[in-house]
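Me: Could you take a close look at one part of this model with me? I'd like to see how a single helix sits among its neighbours, and what the strands beside it are doing.

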Amino acid sequence: MSDSIDPDGPSLESVSHASTGESMTAMHRISEETVAAVDGVLDYARERVLYADVPLDFPRSEEELRAEVGATITAEGIGAARATQLFGEVLAPACLSVDHPGYLSFIPSAPSRSAIAFDLIVSASAIYGGSWLEGAGAVHAENEALRWLASEFGLPETAGGVFVQGGTVGNLSALVTARDVAKRRRRTQGLPDPDRWRVICSAEAHSSVASAAGIMDIDVLPVPTGDDGRLHGEQVAEMLDVHPDSVIAVVATGGTTNFGIVDDIASISEITREHGVWLHVDGAYGLAAMLVESMRPVFAGVEHADSLIVDPHKWLFAPFDACALIYREPEHGRRAHTQEADYLEVLNGPAQWNPSDLAVQLTRRARGLPLWFSVATHGTDAYRAAVEHGITMAAFVADEIRRRPELSLVRDPQLSVVVFRREGWKIADYQAWSDKLLDDQIGFVVPSYHHGEPVLRFAIINPLTTPELLTRILDTLA
Ligand SMILES: *Cc1c(COP(=O)(O)O)cnc(C)c1O
């Protein structure tokens with residue numbers, strides 16, 4: 001290298017004190033300005049985390065936002081005070097608060113205050129969560145949380161996994177692993193790959209399964225469900241008879257997003273074990289219900305899963321975004337996902353637990369830490385009680401609906417999702433009602449569809465969602 005230095009070129013001295021030096025380090029130096037920026041942000045965050053009454057807020061149009069916010073990306077910067085103010089006064093109020101107790105659409109999120117606060121520490125600590133070499137302490141804590149979940153689901157102590165961005169990435173990563181296992185097996189048997197690989201799931205499975213199959217260029221075999229809405233082992237066996245050599249996995253859903261229906265995992269797991277096919281349980285929303293003792297029988301068979309997912313950002317009170325992906329034998333995930341590159345060799349020594357090796361990702365935030373901190377802080381009993389609240393509230397709403405002649409249940413709730421109709425209403429009536437509920441800042445409940453019929457759907461996660469609030473919303477349907 002020294003040969004290539006131009007003796008007439010800039011000296012090291014002149015490089016570090018070049019005219020741009022001051023502005024070059026301005027963002028990283030401790031100065032009055034950077035301290036004020038940090039204080040401003042932390043003050044804002046502290047206030048938001050401790051809101052007694054979270055505002056529900058409204059979405060706004062692009063035009064309105066552009067007009068009010070103006071140009072924020074400029075050569076000189078607009079300064080922390082101005083940017084924080086714009087966020088607090090214009091941008092944040094144009095985002096729905098998913099932790100509002102009346103936010104009942106889709107699957108809400110209701111992170112504990114301690115989990116949200118700890119997310120700030122995760123950011124402040126500059127941790128690379130992809131490898132043991134770089135993030136041992138964080139990975140250890142994440143693994144504690146994963147081990148707790150795995151034991152709740154009845155998986156062996158050797159099970160392990162990684163927190164990925166969400167259920168979609170979790171399902172994709174698990175299916176990539178399942179295909180890798182199927183391919184290796186056929187190779188050891190001296191067999192070629194089939195023309196197409198396939199995955200079996202219920203017709204009610206989450207859209208992310210089809211999305212993963214699309215990315216992987218494999219086929220989905222959706223099994224229509226009967227009246228109970230559940231996939232059973234018998235139907236899986238029939239499907240496997242038609243496609244004996246090409247199925248990489250069966251996906252059982254542990255709580256459908258639409259209805260909270262749990263597939264018959266026990267009978268499905270009997271068939272997958274008999275046929276030597278990978279069983280993946282998609283419990284992104286519902287598997288958290290296993291923390292409640294009385295719900296455990298509903299999930300019988302989960303203990304036989306080869307892989308499973310559950311989203312802490314749904315019913316485990318962690319902030320976006322986190323999905324726990326757990327393998328019965330993590331080595332399968334490692335074989336499928338470890339990235340090989342010269343610059344990564346140093347990380348891939350024996351006995352290193354590298355979260356990056358278990359899913360489709362490399363760089364990762366230690367996004368499991370807010371869950372770890374929240375469970376470590378409050379204990380598992382508090383978690384069980386908070387999850388049970390959603391189930392209790394769903395049963396309460398179902399009873400209220402049965403008592404009201406203008407309302408009827410589409411199906412009895414199993415977890416914390418309630419789907420029902422307002423007799424005589426068309427989609428326009430539902431939409432007008434939904435808009436008014438949001439305008440009045442009472443709740444966020446968008447119309448949904450069931451077999452082409454417009455319906456309403458409550459998904460209840462938030463421990464601050466009270467019977468009074470739910471009754472008040474139902475009253476507006478009278
Ligand atoms: C939410 C959900 C997903 C997708 O999870 P994301 O975190 O949104 O990517 C997958 N499966 C089920 C059953 C879900 O409820």
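Reply: In this predicted model, the cover over the buried residues of helix α9 includes α8 (167-188), β2 (198-202), β3 (219-223) and β4 (247-253). The residues being covered are S208, V209, A212, A213 and M216, within a helix that spans residues 207-216. They share one side of α9, because the arc they take up around the axis is only 145°. That fits a general pattern: an α-helix has 3.6 residues a turn, so positions three or four apart point the same way. Turn to the other side of α9 and you find S207, G214 and I215 exposed. Just past the end of the helix, D217 adopts a positive phi of about 55°.

From here, follow β4, one of the elements covering α9, to its own partner. β4 and β5 run parallel and are joined by 5 bridges, with V251 opposite H280 of β5. Together with helix α11 (residues 265-275), these two strands form a β-α-β unit that is right-handed.

Strand β5 (residues 278-282) has 5 of its 5 residues buried. In a regular strand, side chains alternate between the two faces of the sheet. Here W278, H280 and D282 lie on one side, L279 and V281 lie on the other, and both faces are covered.

β5 also pairs with strand β6 (residues 307-310), again in the parallel sense, over 3 bridges. H280 is a handy landmark for this pairing too: its bridge partner in β6 is S307.

Definitions and conventions: Residues are numbered from 1 along each chain as its sequence is written. This is a predicted model: local features need pLDDT of at least 70, side-chain atom pairs count only at pLDDT 80 or more; totals for chains, interfaces and linings use all residues. Side-chain values use heavy atoms; hydrogens and water are left out. Buried means under 20% relative accessible area, exposed over 50%, partly exposed in between (1.4 Å probe, protein chains only). Helices (H or I, at least four residues) and strands (E, at least two) are DSSP runs, numbered from the N terminus. The arc is that of the directions from the helix axis to the C-beta atoms. Contact means heavy atoms within 4.5 Å. Two strands pair if DSSP finds at least two bridges between them. A crossover is right-handed if, with the strands pointing away from the viewer, the path from the first strand over the helix to the second runs clockwise.
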